[in-house]
Amino acid sequence: MTDIAGWPHWEIVFDQAGNTDAQARTALLGQIVQAAQAGLTDLIIMSHGWNSSPDHARDLYEQWFSSGGSMLKDRKSVV
């Protein structure tokens, strides 16, 4: 897990057929379960399109969570 604009952030990669690496998927789900056990109550899922790079998507998410995230007043920090 990393963070974007102070928010926990997980990534999963899909191949051209829509498949993920089984180990990566299991690890991701385990980390989300751990975060939920630590108090995470909401999960926002975002996906970038095929015609942009992961770095471009991360930049957009950073902007979104930096501005839009400040509207969420009752957020808890889950680390």
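## Helices, strands and the overall layout

Helices (H or I, at least four residues) and strands (E, at least two) are DSSP runs, numbered from the N terminus. With that in hand, Trp-64 can be placed in helix 2, and we'll come back to this residue below. The chain has 2 helices and 2 strands, and reading along the sequence gives the pattern β-β-α-α.

A few ground rules before going on. This is a predicted model, so local features need pLDDT of at least 70, side-chain atom pairs count only at pLDDT 80 or more, and totals for chains, interfaces and linings use all residues. Residues are numbered from 1 along each chain as its sequence is written, and side-chain values use heavy atoms, with hydrogens and water left out.

## How confident is the prediction?

The score to know here is pLDDT, the predictor's confidence in each residue, from 0 to 100. The chain averages a pLDDT of 82, and 86% of the residues score at least 70. Among the elements, helix 1 (residues 22-37) has the highest mean, 91, while strand 2 (residues 7-9) has the lowest, 81. Where pLDDT is low, the predicted coordinates should not be read in detail.

## Surface and contacts

Let's look at the whole chain. Out of 79 residues, 18% count as buried (buried means under 20% relative accessible area, exposed over 50%, and partly exposed in between, with a 1.4 Å probe and protein chains only). The chain exposes about 6400 Å², and carbon and sulfur atoms supply 55% of that area (accessible areas come from the Shrake-Rupley method with a 1.4 Å probe; for residues, only the protein chains shown count as cover).

Now for contacts, meaning heavy atoms within 4.5 Å. Take the contacts in the chain with a separation of 6 or more: residues 24 or more positions apart account for 48% of them.

## The nonpolar core

A nonpolar core is a set of buried Ala, Val, Leu, Ile, Met, Phe, Trp, Tyr and Cys residues joined through side-chain atoms within 4.5 Å. The largest one here has 5 residues: Ile-4, Trp-7, Ala-57, Tyr-61 and Phe-65. Helix 2 (residues 54-67) gives the most to this core, with 3 residues.

## An aromatic cluster

Ring pairs come next: rings of Phe, Tyr and Trp (its six-membered ring) pair if their centres lie within 6.5 Å, and planes under 30 degrees apart count as stacked, over 60 as edge-to-face and the rest as tilted. How many aromatic pairs does a search of the whole structure find? It finds 2. One joins Trp-7 and Phe-65, whose ring centres are 5.9 Å apart with planes at 40°, so this pair is tilted. The pair links distant parts of the chain, since Trp-7 is in strand 2 and Phe-65 is in helix 2, 58 residues apart. Trp-7 and Phe-65 are both buried, and Phe-65 has a relative accessible area of 13%.

Trp-64 and Phe-65 make an edge-to-face pair, 4.7 Å from centre to centre with 80° between the planes. Put together, Trp-7, Trp-64 and Phe-65 form one aromatic cluster. Is Trp-64 buried, partly exposed or exposed? Trp-64 counts as partly exposed because its relative accessibility is 41%.

## Around the two strands

Ala-5 sits in the loop between strand 1 (2-4) and strand 2. Ala-5 isn't a glycine, yet its phi is positive, at about 55°. With a relative accessible area of 27%, Ala-5 is partly exposed. Trp-64 and Ala-5 are 59 residues apart in sequence, but 8.9 Å apart in space, C-alpha to C-alpha.

His-9 belongs to strand 2 and is buried, at 14% relative accessible area. The side chains of His-9 and Glu-11 are joined by a polar contact of 3.0 Å (a pair of N or O atoms within 3.5 Å; within protein, one must be able to donate a hydrogen and the other to accept it, and residues adjacent in sequence count only if both atoms are side-chain atoms). Leaving aside neighbours within four places in sequence, His-9 is in contact with Met-1, Thr-2, Asp-3 and Ile-4.

## The loop before helix 1

Thr-20 lies in the loop between strand 2 and helix 1, and so does Asn-19. Thr-20 is buried, with a relative accessible area of 18%, whereas Asn-19 is partly exposed at 43%.

The side chain of Thr-20 makes a polar contact of 2.7 Å with the side chain of Arg-25. Not counting neighbours within four places in sequence, Thr-20 is in contact with Ile-12, Val-13, Phe-14 and Arg-25. Under that kind of count, leaving out residues up to four places away, Asn-19 touches Val-13 and Phe-14.
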